Amino acid sequence: MTVLTFGETMALTRAVDTGALAHTSTLHLGIGGAETNFAIALRRLGADVAWIGRVGRDSLGDLVERELRAEGITADVIRDPDAPTGLMVKERRTATATRVWYYRTGSAGSRLTMSDIADDRLESASLLHVTGITPALSDSARKTTLYCVERARALGIPVSFDLNYRRALWSPEEAGPVFRELIALSDIVFAGEDEAAIAVGGGAPAELVARLRDLGPREIILKLGDQGCLAIVDGETYSLPAVPVNVVDSVGAGDGFVAGYIADRLAGESPGDRLKTAVTVGAFACTVSGDWEGMPRRDELGLLTTAEPVTR
Ligand code: KDG
């Protein structure tokens, strides 16, 4: 059984040095996308994952396709002849402040349509994972997200939804109703505090979790960054601290967190154990500059807390 996800994956270029891009001469080129960050982390933890998305018929599209295949993702990569692969640029403006610049308006990834999602992929999925980035990309991407979530629900396939609000793509007023609709159709919901507030209004973490739960899902997980997480799963409340690490770059940590939770859920682990893996994978993602390169394999999960600096 395979977990299914879809969305936009872009070429991602990031400054090697700290400072303004205007004074940067060396960039690293890779890829990034919330759903593929999730997919790669989940695959490294042992699950089978399929991803569907569009890239351009260009060299950056080749890069996306190669990386996903190298990571063992079953990738339905649709090559769009009429639009380029999107680009994301990460600027390490200071040692602790990263800025993200998007060059993705009209990109191939934003042109996702319902016919891109093969019926048999959806029908055979063990779980469908979507994020709030996809419905922000275009009308057709929004319709595709809603269609797939409704179809998965009708088929009895669990739906996981990570709000992943991106301010550069839409306003809170536009996102709020879409988030509420998707939350009500989902079984498992992940949100940061600010994202939850867009959907259900501001408040303390316990209020946010309770209000999200009142929209219907049985599993609500509030990601609290370096404060860990708070969750209600099947009526029980859980709270876990973060795993302390030296944060190099926190982009991608939320996707790793979600993958950790879902991997252990698929493996039949208890909610407490799922959350423990979630905070551990999230912490790993923070230890390197790439959005997904730091995601751990299962046998590496203990490395953050080991007392041994070198293992031979
Ligand atoms: O969660 C990390 C993602 O935000 C990043 O990898 C790229 O999908 C992306 C986006 O839209 O920002």
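Are helices H7 and H8 parallel or oblique to each other? The sections below describe the model first and then come to these two helices.

## The model and its confidence

This is a predicted model, in which local features need pLDDT of at least 70 and side-chain atom pairs count only at pLDDT 80 or more, while totals for chains, interfaces and linings use all residues. Residues are numbered from 1 along each chain as its sequence is written.

The mean pLDDT (the predictor's confidence in each residue, from 0 to 100) is 96 for the protein, and 100% of the residues reach 70 or more. For the complex, the predictor gives an ipTM of 0.95 and a pTM of 0.97.

## Around the ligand

The residues that surround the ligand, counted when the C-beta atom, placed from the backbone, lies within 6 Å of it, include Gly32, Gly33, Asn37, Arg166, Asp255 and Asp291. Two or more residues of this shell come from each of helix H1 (34-44) and helix H9 (253-266), where helices are DSSP runs of H or I with at least four residues, numbered from the N terminus.

## Two packed helices

Helix H7 (residues 193-200) packs against helix H8 (residues 205-214) at an angle of about 50 degrees, and their axes, which are lines fitted to C-alpha atoms over the stretch in contact, are 10 Å apart. H7 and H8 are therefore oblique to each other, since angles under 35 degrees count as roughly parallel, over 145 as roughly antiparallel, 65 to 115 as roughly perpendicular and the rest as oblique.

How values were computed. Axes are lines fitted to C-alpha atoms, for helices over the stretch in contact, and angles run from 0 to 180 degrees between N-to-C directions.
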